[in-house]
Amino acid sequence: MFGIPPQALFGQLLLGLINGAFYAMLSLGLAVIFGLLNIINFAHGAQYMMGAFAAWFLLTHAGLGYWWALILAPLAVGLLGILLERTMLRRLYHLDHLYGLLLTFGLALVIQGLFQNQYGSSGQPYLIPAELQGGRNLGFMVLPNYRAWVVVLSLAVCLATWYVIERTKLGAYLRAATENPTLVRAFGVNVPRMITLTYGFGVGLAALAGVLAAPIYQVSPLMGADLIIVVFAVVVIGGMGSIMGAIVTGFALGLVEGLTKVFYPEASKTVIFVIMAVVLLLKPAGLFGRAS
Amino acid sequence: MATTKASGGPAIATTPATLSYQYLAFGALVAFFLVAPFFIYPVFLMKALCFGLFASAFNLLVGYVGLLSFGHAIFLGSAGYATAHAAKVWGFPPELAILVGTAAAGALGALIGAIAIRRQGIYFAMTTLALAQMLYFFALQAPFTGGEDGIQAVPRGTMFGVLDLGQTMTMYWVVLGIFLGGFLLVYRTIHSPMGQVLKAIRENEPRAVSLGYKVDQYKLVAFVLSAALSGLAGGTKALVFQLASLTDVHWTMSGEVVLMTLLGGLGTVFGPVVGAFVMVTLEHYLAQLGAWVTIVQGIIFVICVLTFRRGIVGELARILKKPL
């Protein structure tokens, strides 16, 4: 097709799908946190990085492999998030949203700086777990097992999150609390605890994405810093109105980025931002957003 | 953005008595920068002046219109590239080179502003950040920016054919003149009828709309003005250091200018200059410590947001009960 070998095309599409999986998980976490706390979590990229480092740390210092990291790393980073919400973010709810953005921006600087001091800017390697090494030949391309696993798992996590928020009673409480916290409290729901746990969950999602990313990208202190800006663009494109919007836009933009890499590589780093500009001109509220 | 709610009540009416306080503060500022180069390393002071102008221009937007731009580095940096290119490749004299940089930043500001003001609040911040990141990649890949190396050995030239900017002290007086010109323009804008409309938009946008003001136009004009003044700072900085580089277009620089303004005092006239001075001093002394600079900056950010939202000048103004 257009003189591009199918191997390269499908390879880039797969890469795009994987990037899309990370965009989707991260923008989903941002959307969940924003929904209940009204805070744009600028530390999301740093928390993603901490997830990857937690996996690396568990392997090299505790001898616990990938499968343990998949559970323990999000738990540990999520707990740190809960601590953060209890001690700092809580003080900002009565202020303008932008103060939350500024606080988490400062925290991201501190976290990244600390990791840079400790581990330098070069990456730490993390091996693909033995069970997921190798790949299978699909005829038109070779599909590495680990990459397939990343796409499947993140899709499952995203859809499960969507199901919980949009289809269960717990999700109904959450959605009600975003509309009118006072009223929901009057029904006997512990809204502050729900907010705390939601933040912890969103942060945990970022950390889980970090664990998934560890064997693909190098584990490095700045791995989340530039990614978070792309995720912000994804959020603006999708509009933060819906959970499904975050998931669909995340995957779709990853694919678009992959396709650009095949047909016009020079633009691959900027294509998402260009799409953002176009979407803002045509539909300021974003593709899935509700006009406010 | 309800900055005033956090920074101590609505803007105090500028009666002649309160204005005289500001003149006093302005006099002190001018006096300091007239005397300082004889005691402090002038290049360091020039850096502080450039960032002071940059932060003042940024504050015009966040402090008086309530628009938090998280991509302002792009105006500082692109003006640096344009100025450096004009001076080095086209052989323009410094005054024209700086003008080219300022115009380039203003044009970029019109473009980014027109797109970004379609969203408000946090979305505005994220949009400006993302658009600035796009231009960062452009600066990284474009043929004339020199990639990772930037544009080096930019000639300072002779201003108006008489002022030899190669001499450090001459350069210093020119930078001080540019800073004061830009600063006074910001001051004039804030205290003009347009400035009053901008404040009205910050306080209550729907009401400003219902009063018949074309809010989007006012926002865009403020955005372009802020971008152009940031460009003025960036072009001047490129001549001072004879260098235009990626550092000035990277988003960490956008964060730094937010920090300078927040530390000095959002929505105060003198705050951004004080904040810039403090930050440049900190960076100067922490430069050997590597990533500790980032950590210290982050900690200052957290402290400012949690406990010190008025900033240095804002707190001072509260104690003196005078707007500064």
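# A tour of chains A and B

Across the interface of chain B and chain A, the rule finds zero salt bridges. Keep that in mind as you look around, and remember that this is a predicted model.

**Stop 1: the interface, seen from chain B**

Start by selecting the elements of chain B that give two or more residues to the side touching chain A: α1 (3-6), α6 (121-141), α11 (251-264) and α13 (292-307). Which of these should you colour first? Try α6(B), since the largest share of that side, 13 residues, comes from this helix. The residues on the side of chain B that touches chain A divide into 27 nonpolar, 10 polar and three charged.

Next, widen the selection to both partners. Here 40 residues of chain B are in contact with 45 residues of chain A. Between them the two chains bury about 4,000 Å², and 80% of that area lies on carbon and sulfur atoms. To see where chain B contributes, show B:Ile122, B:Met126 and B:Trp251 as sticks: these residues lose the most area to chain A, together 16% of what the chain B side buries.

How many residue pairs are in polar contact across this interface? The rule finds five such pairs, counting those with both residues at pLDDT 80 or more.

**Stop 2: chain A as a whole**

Now hide chain B and show chain A as a cartoon. You can pick out 11 helices and two strands. Following the sequence from its start, the pattern runs α-α-α-α-β-β-α-α-α-α-α-α-α, so the two strands sit together in that order, with helices before and after them.

Turn the chain around to get a feel for its extent. The C-alpha trace of chain A spans about 60 × 50 × 35 Å along its principal axes. A compact globule of 292 residues would have a radius of gyration near 19 Å, and chain A agrees with this, because its own value is 19 Å.

Colour by accessibility next: buried residues make up 55% of the 292 residues in chain A. Contacts also reach far along the sequence. Of those in chain A with a separation of 6 or more, 79% are between residues 24 or more positions apart.

**Stop 3: a salt bridge in chain A**

Side chains of opposite charge can pair when their charged atoms come close. A search of the whole structure finds six salt bridges over all chains, and the remaining stops visit some of them.

Select A:Arg90 and A:Glu85, whose side chains meet in a salt bridge at 3.5 Å, N to O. Is each partner buried or exposed, or in between? A:Arg90 counts as partly exposed because its relative accessibility is 30%, while A:Glu85 is buried, at 0%.

**Stop 4: salt bridges in chain B**

Bring chain B back and select B:Arg202 with B:Glu203. Their closest N and O atoms are 3.0 Å apart, forming a salt bridge. In this pair the arginine, B:Arg202, is buried, with a relative accessible area of 10%, and B:Glu203 is partly exposed at 43%.

Finish at B:Arg310 and B:Glu315, whose side chains meet in a salt bridge of 3.7 Å, N to O. B:Arg310 is partly exposed, with 23% relative accessible area, whereas B:Glu315 counts as buried at 16%. Which residues make up the network of salt bridges here? Add B:Arg318 to your selection: B:Arg310, B:Glu315 and B:Arg318 are linked in that network.

Methods: Residues are numbered from 1 along each chain as its sequence is written. Chains are lettered from A and ligands numbered from 1 in the order in which they are written. This is a predicted model: local features need pLDDT of at least 70, side-chain atom pairs count only at pLDDT 80 or more; totals for chains, interfaces and linings use all residues. Side-chain values use heavy atoms; hydrogens and water are left out. Contact means heavy atoms within 4.5 Å. Buried area is the accessible area (1.4 Å probe) that two parts lose on being put together, summed over both. A salt bridge is a side-chain nitrogen of Lys or Arg within 4 Å of a carboxyl oxygen of Asp or Glu. A polar contact is a pair of N or O atoms within 3.5 Å; within protein, one must be able to donate a hydrogen and the other to accept it, and residues adjacent in sequence count only if both atoms are side-chain atoms. Helices (H or I, at least four residues) and strands (E, at least two) are DSSP runs, numbered from the N terminus. Ala, Val, Leu, Ile, Met, Phe, Trp, Tyr, Cys and Pro count as nonpolar, Asp, Glu, Lys and Arg as charged, and the others, Gly among them, as polar. The radius of gyration is taken over C-alpha atoms; the globule rule is 2.2 Å times the number of residues to the power 0.38. Buried means under 20% relative accessible area, exposed over 50%, partly exposed in between (1.4 Å probe, protein chains only).
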